[in-house]
Amino acid sequence: MLQTYDGTIFPTLEEHGVQHEEIRRKIRELKVLNEQHERRQRLMLSNAANHKKTVESCDRSMKDLQDRGKFVRVAAAAAKVDTSSGPLPDIFYQEMSWKVQKTSHALLSQEAEAFERKCKAELTKSSSVPTIKKALLVRNSNTRYRGGFR
C-alpha cells in the first residue's frame, strides 16, 4: 500500500475499490478453473468405470473362449475315427462317442447360425463397416455347412 499525501497507511476509497475488484476477478477466474477441474475429474471417473467394465467383460469373454476351446477339442476328439488295428471298443463307448459328436455338432451349428444372424443385424445397423467386409460376410453367410466341424 502506498502512503497517502497525509501520511496515513490506509488506502483511499478508490484504491480499496480497485483492490476489491482485482480480488473478485481472481475469485471468478479460480471458480472457472475449479469448474473445469471438477468436470475433468468427473470425466476421468466415468472413463475409469467404463474401463473397469471393459476389463471385466474381456475377462469373462476370455474364460468363455477357453471353455469353448475345451468343448471344441472334446467334440473334435469324439469325431475322430479310431484307425488302430485293434478291436472295436464296446458298443456303449461307440454310442457315447456318436452322441457326443451329434450333440456337439448341433450345438456348434446353432451357435454359428446365431452368430451369423447377430453379425448381419449389426451390419444393417452400422454403415461404418467397409463394403468389402459386408460383401464377404454376405457371401459367406449364403454358404451352408454340410456335416463335419469347421
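Reader: Why is Tyr 93 called exposed in this structure?

Author: The model is a predicted one, and in it Tyr 93 has a relative accessible area of 53%. The word exposed is kept for values over 50%, so Tyr 93, at 53%, falls on the exposed side of that limit.

Reader: What makes Phe 92 and Tyr 93 an edge-to-face pair?

Author: The structure holds 1 aromatic pair, and it is formed by Phe 92 and Tyr 93, whose rings lie 5.4 Å centre to centre, with 75° between the planes. Rings count as a pair if their centres lie within 6.5 Å, and planes over 60 degrees apart are called edge-to-face; the values 5.4 Å and 75° satisfy both conditions, and therefore the name applies to Phe 92 and Tyr 93.

Reader: Is Phe 92 described as exposed or partly exposed, and why?

Author: Phe 92 has a relative accessibility of 44%, and the class called partly exposed runs between 20% and 50%, so Phe 92 is described as partly exposed.

Reader: Which residues make the nonpolar surface patch, and what makes them suitable for it?

Author: The patch is made by Ile 91, Phe 92, Tyr 93 and Met 96, and it covers about 420 Å². A patch residue must have over 30% relative accessible area, and three of the members can be set against that cut-off here: Ile 91 stands at 52%, Phe 92 at 44% and Tyr 93 at 53%. Ile 91 itself counts as exposed, and it is found in helix 2, which spans residues 91–125.

Reader: How do you know that Glu 29 and Arg 25 form a salt bridge?

Author: Their side chains meet at 2.4 Å, taken from N to O. A salt bridge requires a side-chain nitrogen of Lys or Arg within 4 Å of a carboxyl oxygen of Asp or Glu, and 2.4 Å lies within that limit, so the contact between Glu 29 and Arg 25 qualifies. Both residues lie in helix 1, 4 residues apart, which is about one turn of the helix. They also belong to a network of salt bridges that links Glu 22, Arg 25 and Glu 29.

Reader: What makes Glu 29 and Arg 25 partly exposed?

Author: Glu 29 has a relative accessibility of 41%, and Arg 25 has a relative accessible area of 33%. A residue would be buried under 20% and exposed over 50%, so Glu 29 and Arg 25 are both placed in the class in between.

Reader: Where else is there a salt bridge, and how do you know that it deserves the name?

Author: A search of the whole structure finds 6 salt bridges, and one of them joins the side chains of Glu 35 and Arg 39 at 3.2 Å, N to O. The limit is 4 Å, so the pair of Glu 35 and Arg 39 is accepted. These two residues lie in helix 1, about one turn of the helix apart, and they are partly exposed, Glu 35 at 45% and Arg 39 at 44%. Another salt bridge is made by Arg 68 and Asp 64, at 2.8 Å, again between residues that both lie in helix 1, 4 residues apart. Arg 68 is partly exposed at 34%, and Asp 64 is likewise partly exposed at 34%.

Reader: Why is Ala 77 called partly exposed, and where does it lie?

Author: The relative accessible area of Ala 77 is 48%, while exposed would need a value over 50%, so Ala 77 stays in the class called partly exposed. Its place is in helix 1, residues 13–79. The C-alpha atom of Ala 77 is separated by 9.0 Å from that of Ser 97, which is 20 residues away along the chain.

Reader: How many helices and strands does the protein have, and how much of it is buried?

Author: The protein has 3 helices and 0 strands, and from the N terminus on its elements run α-α-α. Buried residues make up 6% of the 150 residues.

Reader: Where is the confidence of the prediction highest, and where is it lowest?

Author: Confidence is highest in helix 1, at a mean of 91, and lowest in helix 3, residues 131–141, at 53. The protein averages a pLDDT of 79, and 75% of the residues score at least 70. Over residues 143–150 the pLDDT stays under 50.

Note on methods: Residues numbered from 1 in each chain as written. Predicted model: local features only at pLDDT ≥ 70, side-chain atom pairs only at ≥ 80, totals over all residues. Heavy atoms only, no water. Buried < 20%, exposed > 50% of the residue type's maximum accessible area, 1.4 Å probe, protein only. Patch = residues over 30% accessible without salt bridge, like charges linked within 9 Å, V, L, I, M, F, W, Y side chains within 5 Å. Areas by Shrake-Rupley, 256 points an atom, 1.4 Å probe, with all protein chains shown as cover. Phe/Tyr/Trp six-rings, centres within 6.5 Å; stacked < 30°, edge-to-face > 60°. pLDDT = per-residue confidence, 0-100. Contact = heavy atoms within 4.5 Å.
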